[in-house]
Amino acid sequence: MNEPTTRSTPLATNALAAAIQPSATLAVSGRAKELAAQGKDVLALSAGEPDFRPPEPVVRAVRDFINSKAVKYAPVSGLPELLDAAAADLSEFHGRPFSRREILVSCGAKHSLANLMLVTLSPGDEVVITAPYWVSYTDIVTLGGGTPVIVESSREHGLRLQPDALARVLTPRTKFVIFNSPSNPTGVGYTGAQLRALGEVIVARAPQAWILCDDIYRHLTYDGFEQVSAWRALEGLTEQLVFADGVSKSHAMTGFRIGFLAGPREVIDAAGRIQGQMTSGATTTSQIAAIAALTDPACAVAMNEMRVAFARRRALMLEGLGALPRVNVPAPDGAFYLFLDVSAHVGPGTQFADDLDLATWLLEQKLVATVPGTPFGAPGNIRISYATDDASLREGLARLEEAFTGLPTARG
Ligand SMILES: Cc1ncc(COP(=O)(O)O)c(C=O)c1O
């Protein structure tokens, strides 16, 4: 009888696996769900996604498609109708024509960004990221083999990157500068003039660099702020621009996983080759859904209704959070986040070592899920999402008020 073979060599993971961090925002949501599963009444103010259902024509398009067709592979770069719809949408926003060949449909804007980094970065290439930043930027750059370079924005300047700060980090190795307006996690939006001032510095100091515009929140703006296309803002200055865009946030379609990368044909072709060997085309049914999102006029109406609801919730939260003791809450221009300066409540002389400690306490003891600022490159802050219903927001405010009132602070 043969002896059973024993295997004692562990399947080792490599340096890349070790370098990539799990998403902090997903980690908080995971813990909040665990507590909820234990029967705890957790309020999730941590979500990075709208709580709404997608617009009705989106749902109908998917249902009709599945009922009437076999669901087959889509072309790697995207269904032609979706490429046309995305081209029309991008052309309108940016005021320049896009062709099908300049767009790649991927599994969410995150995938679009990862594809771009994989086909453009070489070791030593630097990507400039403004802190506070979306948690995934640094890891996506690392995944592409490049080096994230963090540039700080200060509270004094409304957490908006200043041209002189940008000038200090640009080098001959700068490959991209990421513009994310409105921003996750701060909701800060940049005007055309502000974008141009940053563009001027880039052209002067690092003429080889490209600007990567992550426009995923461009539709979600409030209080009269309207997102200007960087293409329009930088007209006559530089055309070295590449765009990540999508329907996830604007159309409450995060679970559909559709994003767009728009840029030079050679880059789009290369990204398509990588995608062709990793995921193939994005899910066919989701592409059908995205066509409806971009072409059915009722979806534009629904998108605006969601925006109006977000605006109302933003006002509610700004008023409530503004009353918290020693918490500074600037009014954001867009997205669905508020970025709270809680630095008076963390560190020496306070109850909490840092924002991670505070966020853990809020979740475990007060049953409010927020996201600490540290993973966004901004210790001393927490991010609150208002992408949830009004009743939960009101209850969340009540719990936060109870939590913050009476906390000892370093500054007395
Ligand atoms: C700034 C930013 N860019 C891109 C994405 C990714 O969007 P998607 O869900 O389409 O992958 C997100 C999602 O949280 C985001 O906040």
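## Exercises: one sheet, two domains

Five bridges join strand 9 to strand 12 (residues 381–385), and the two run antiparallel. This is a predicted model: local features need pLDDT of at least 70, side-chain atom pairs count only at pLDDT 80 or more, and totals for chains, interfaces and linings use all residues. Residues are numbered from 1 along each chain as its sequence is written.

**Exercise 1.** Find which strands are the edge strands of the sheet.

*Solution.*
- Start with the terms. Strands (E, at least two residues) and helices (H or I, at least four) are DSSP runs, numbered from the N terminus. Two strands pair if DSSP finds at least two bridges between them.
- Write the order. Three strands form an open sheet, 9-12-11, with antiparallel pairing.
- Read off the edges. Strand 9 (337–341) and strand 11 (371–372) each pair on one side only.
- Check one position. Leu-340 faces Ile-382 in strand 12.

**Exercise 2.** Work out which element gives the most to the side of domain 1 that touches domain 2.

*Solution.*
- Set the bounds, which come from an automatic or database domain assignment. Domain 1 covers 20–53 + 300–404, and domain 2 covers 56–296.
- Count the contact. Domain 1 supplies 33 residues and domain 2 supplies 32 residues. Residues are in contact if their C-beta atoms, placed from the backbone, lie within 7 Å.
- List the elements giving two or more residues on the domain 1 side: helix 2 (24–37), helix 12 (297–322), strand 9 and strand 12.
- Pick the top one. Helix 12 gives the most, with six residues.

Notes:
Two residues are in contact if their C-beta atoms, placed from the backbone, lie within 7 Å.
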